[in-house]
Amino acid sequence: QVQLVESGGGLVQTGGSLRLSCAASGRTFSRYAMGWFRQTPGKERAGKEREFVAAISWSGGSTRYADSVKGRFTISRDNVKNTVYLQMNSLKPEDTAVYYCAADLTSPSEWVTLTLYDYDYWGQGTQVTVSS
């Protein structure tokens with residue numbers, strides 16, 4: 001069992017920055033990959049899946065990003081603090097969403113996956129709102 005708790009969301013103006021954190025507990029943090037996804041209420045009501053944002057491997061040596069955030073967002077992890085971060089810069093109104101962190105306990109050590117269904121545990125989410 002893994003427990004994930006996100007924090008750091010809030011309201012920011014276009015062009016601003018936020019850093020999200022996700023604290024993990026329950027299993028050896030350095031032995032699983034982590035990802036960030038996001039969802040908007042409208043897309044959720046329309047039955048759309050959560051959108052992949054970024055992912056990072058066990059050691060942090062491999063990362064992947066959605067094209068929409070590449071160059072603006074950075075995922076990182078601290079395996080001593082059992083925490084994964086998402087640094088978000090140059091925020092846009094279309095980044096407004098609930099952001100979820102997720103743990104992938106089954107992929108091998110330097111593998112990262114973009115697929116929602118490969119993740120085994122999810123946090124409750126943190127709201128990010130970017131005003132125009």
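## A guided tour of the strands, a buried arginine and an aromatic cluster

Strand E3 and strand E8 (residues 83-88) pair in the antiparallel sense, with six bridges between them. The model on display is predicted. To inspect one of these bridges, select Ala23, whose partner in E8 is Thr83.

Next, keep E3 (residues 18-25) in view and add strand E1, to which E3 is joined by five bridges, again antiparallel. Within this pairing, Leu4 has Ala24 of E3 as its bridge partner. Now display the side chains of E1 (residues 3-7). Leu4 and Glu6 point to one face and are buried, whereas Gln3, Val5 and Ser7 point to the other face and are not buried. In a regular strand, side chains alternate between the two faces of the sheet.

From Thr83, proceed to Arg77, since Thr83 is among the residues in contact with Arg77. Arg77 belongs to strand E7 (residues 73-78). Which side chain of opposite charge is nearest to this buried residue? That side chain is Glu110, 8.1 Å away, and Arg77 has no salt bridge. Two backbone oxygens should be selected instead. The oxygen of Phe29 lies 2.7 Å from a polar atom of the Arg77 side chain, and the oxygen of Tyr32 is reached by the Arg77 side chain at 2.9 Å. Beyond four places in sequence, the contacts of Arg77 also include Ser30, Ala33, Met34, Ile56, Trp58 and Val84.

Ser57, another contact of Arg77, leads to the following stop. Select Pro108 together with Ser57: the two are 51 residues apart in sequence, yet their C-alpha atoms are 8.6 Å apart in space. Pro108 is located in the loop between strand E9 (97-104) and strand E10 (121-122). Is Pro108 buried or exposed? Its relative accessible area is 54%, so it counts as exposed, the cut-off being over 50%.

The last stop concerns aromatic rings, of which the model contains five pairs. Select Phe37 and Phe52, an edge-to-face pair with 5.7 Å between centres and 75 degrees between planes. Phe37 lies in strand E4 (residues 33-39) and Phe52 in strand E5 (residues 51-56), so this pair ties together parts that are 15 residues apart in sequence. Both rings belong to buried residues: Phe37 has a relative accessible area of 1%, and Phe52 has a relative accessibility of 10%. To complete the view, add Tyr119 and Trp122, which ring pairs link with Phe37 and Phe52 into a cluster.

Note on methods:
Residues are numbered from 1 along each chain as its sequence is written. This is a predicted model: local features need pLDDT of at least 70, side-chain atom pairs count only at pLDDT 80 or more; totals for chains, interfaces and linings use all residues. Side-chain values use heavy atoms; hydrogens and water are left out. Helices (H or I, at least four residues) and strands (E, at least two) are DSSP runs, numbered from the N terminus. Buried means under 20% relative accessible area, exposed over 50%, partly exposed in between (1.4 Å probe, protein chains only). Lys and Arg count as positive and Asp and Glu as negative; His and the chain ends are not counted. A salt bridge is a side-chain nitrogen of Lys or Arg within 4 Å of a carboxyl oxygen of Asp or Glu. A polar contact is a pair of N or O atoms within 3.5 Å; within protein, one must be able to donate a hydrogen and the other to accept it, and residues adjacent in sequence count only if both atoms are side-chain atoms. Contact means heavy atoms within 4.5 Å. Two strands pair if DSSP finds at least two bridges between them. Rings of Phe, Tyr and Trp (its six-membered ring) pair if their centres lie within 6.5 Å; planes under 30 degrees apart count as stacked, over 60 as edge-to-face and the rest as tilted.
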